[in-house]
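Here's a quick briefing to read alongside the structure. Have the viewer open and follow along topic by topic.

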Amino acid sequence: AFARDKSSIQGWGEMKIRYMLSAKGISKETISEALDSIEEGKAFGRLEKLMETKARSLKDDPQARLKMLRFGMGRGYPYESVAEITDKIIGQWKHSES
């Protein structure tokens, strides 16, 4: 329940949830079972929405890409996923400026 709630309500990624459950002394097997209950597609969608919201506040910031990467990874998502979404959003900015 903790993993599902943190993923769906707070928008946490797998790595952050894993770390927090581990800090609470939960076994690795139980953590794996909890993380298996999270739908990966929905988690990616939540990450994308979070990143789009963050991007709006950074649109004119010269360090927007770095700040977005740090934000997404701080939420507990893997670099590859965060970088993919960040590049997609920044690419949309460039197209809208043209």
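Going along the sequence, you get α-α-α-α-α-α. That is six helices and zero strands. Keep in mind that this is a predicted model. Fit a box along the principal axes and the C-alpha atoms take up roughly 50 × 20 × 20 Å.

**Helix 1 against helix 2**

- The axes of helix 1 (residues 2–10) and helix 2 (residues 14–23) come within 10 Å and cross at roughly 145 degrees.
- The crossing of helix 1 with helix 2 is right-handed.
- On the helix 1 side, the contact uses Phe2, Ala3, Lys6 and Ser7, and they meet Ile17, Met20 and Leu21 of helix 2.
- Sorted by class, the contact of helix 1 with helix 2 has five nonpolar residues, one polar and one charged.

**The aromatic pair**

- How many aromatic pairs does the count give? It comes to one aromatic pair.
- The partners are Phe2 and Trp12, arranged edge-to-face, with 6.3 Å centre to centre and 75 degrees between the planes.
- Phe2 sits in helix 1 while Trp12 is in the loop between helix 1 and helix 2, so the pair ties together parts that are 10 residues apart in sequence.
- Phe2 also turns up among the helix 1 residues that touch helix 2.

**Helix 2 against helix 3**

- Helix 2 packs on helix 3 (residues 28–36) at an angle of about 145 degrees, and the axes are 10 Å apart.
- This crossing, helix 2 past helix 3, is right-handed.
- From helix 2, Glu14, Ile17, Arg18, Leu21 and Ser22 do the touching, and their partners in helix 3 are Ile31, Ser32, Ala34 and Leu35.
- The class split for the contact of helix 2 with helix 3 is five nonpolar, two polar and two charged residues.
- Ile17 and Leu21 take part in this contact with helix 3, and they are also in the contact with helix 1.

**Helix 5 against helix 6**

- Helix 5 (residues 64–74) and helix 6 (residues 79–97) pack at about 145 degrees, with axes 9 Å apart.
- Which hand does the crossing of helix 5 and helix 6 have, left or right? It is right-handed.
- Helix 5 brings Ala64, Arg65, Met68, Leu69, Gly72 and Met73 to the contact.
- Facing them from helix 6 are Tyr79, Val82, Ala83, Thr86, Asp87, Ile89, Ile90 and Trp93.
- In class terms, the contact of helix 5 with helix 6 divides into 10 nonpolar, two polar and two charged residues.

**Around Leu50**

- Leu50 is a helix 4 residue.
- Setting aside neighbours within four places in sequence, Leu50 is in contact with Gly11, Phe71 and Arg75.
- Leu50 and Leu69 are 19 residues apart in sequence, and their C-alpha atoms are 12 Å apart in space.
- Leu69 belongs to the helix 5 side of the contact with helix 6.

**The largest pocket**

- The largest pocket holds about 310 Å³ of space.
- Its lining has 16 residues, and those nearest the centre are Glu14, Ile38, Glu40, Ala43 and Tyr77.
- Which elements give two or more residues to the lining of the largest pocket? They are helix 2, helix 3 and helix 4 (40–58).
- By class, the lining of the largest pocket comes out as eight nonpolar, four polar and four charged residues.
- Glu14 plays into two topics here: it is among the residues nearest the pocket centre, and Glu14 is also one of the helix 2 residues that meet helix 3.

Conventions. Residues are numbered from 1 along each chain as its sequence is written. This is a predicted model: local features need pLDDT of at least 70, side-chain atom pairs count only at pLDDT 80 or more; totals for chains, interfaces and linings use all residues. Side-chain values use heavy atoms; hydrogens and water are left out. Axes are lines fitted to C-alpha atoms, for helices over the stretch in contact, and angles run from 0 to 180 degrees between N-to-C directions. Helices (H or I, at least four residues) and strands (E, at least two) are DSSP runs, numbered from the N terminus. A crossing is left-handed if the near helix is turned anticlockwise from the far one by less than a right angle, and right-handed if clockwise. Contact means heavy atoms within 4.5 Å. Ala, Val, Leu, Ile, Met, Phe, Trp, Tyr, Cys and Pro count as nonpolar, Asp, Glu, Lys and Arg as charged, and the others, Gly among them, as polar. On a 1 Å grid over the protein atoms alone, a cavity is a set of points where a 1.4 Å probe fits but cannot get out, and a pocket is an open set with protein on both sides within 12 Å along at least five of seven lines; lining residues have an atom within 4 Å of a point. Grid points are joined across faces, edges and corners, and a volume is the space filled by probe spheres set on the points. Rings of Phe, Tyr and Trp (its six-membered ring) pair if their centres lie within 6.5 Å; planes under 30 degrees apart count as stacked, over 60 as edge-to-face and the rest as tilted.
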